[in-house]
Amino acid sequence: GDLYVALNVKPHPHFIRKSQDILYDCRLHFVTATLGGKVEVPTLNGTTMVKIPEGTQHDQILRLKGLGAPGLKSHGRGDQLVRIKIEIPTKLTTHQREILSAFAEESDLDIENQGEGLFDKVKNMFD
């Protein structure tokens, strides 16, 4: 007779496999994303330091060559993809709020009307 084998693969708590590539979501403070820096990330073989470029954006992917999964029918390895997830603080001190407000003012950001669409702008013209 025939032998049927069913395998259930338990998902990894940190990694997602996409063919030979391994995806890892890296939570990053918005200051590090803005100014750049280094962060330690887990890999299949331990941990490694990753350079975060200045101005890194949310959902930007950094590629770590050759740190992915080995190929089943080839001798190479995939890459580890580090997807940046920027964390925004939910509570600020008065001083932190003042610093960010000063930054917004110096950058000519209108934080009151940042999310206005075209219709809101037209409507506000008549108010």
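Which residue, with a positive phi, follows α2? The residue that follows α2 is Asp108, with a phi near 55°, and the path to that point is best taken from the sheet onward. This is a predicted model, in which local features need pLDDT of at least 70 and side-chain atom pairs count only at pLDDT 80 or more, while totals for chains, interfaces and linings use all residues. Residues are numbered from 1 along each chain as its sequence is written, and side-chain values use heavy atoms, with hydrogens and water left out.

Strands (DSSP runs of E, at least two residues) and helices (H or I, at least four residues) are numbered from the N terminus, and two strands pair if DSSP finds at least two bridges between them. Strand β1, residues 15-18, pairs with strand β2, residues 21-29, in the antiparallel sense over four bridges, and Arg17 stands opposite Ile22 in β2. The two strands form a hairpin with two residues between them, and Ser19 in this turn has a positive phi of about 60°.

An open sheet of four strands, with mixed pairing, runs in the order β1-β2-β6-β5. Because β1 and β5 (61-64) stand at the edges with a single partner strand each, one side of each is left without a neighbour in the sheet. The twist from one strand to the next averages 30°. The partner of β5 is strand β6, residues 80-87, joined in the antiparallel sense over four bridges, with Leu64 opposite Gln80.

Helix α2 covers residues 94-106, and at 1.5 Å a residue its 13 residues should span 18 Å, which agrees with the 18 Å between its end C-alpha atoms; the expected span is 1.5 Å times one less than the number of residues.

How values were computed. Axes fitted to C-alpha atoms, helices over the stretch in contact; angles between N-to-C directions.
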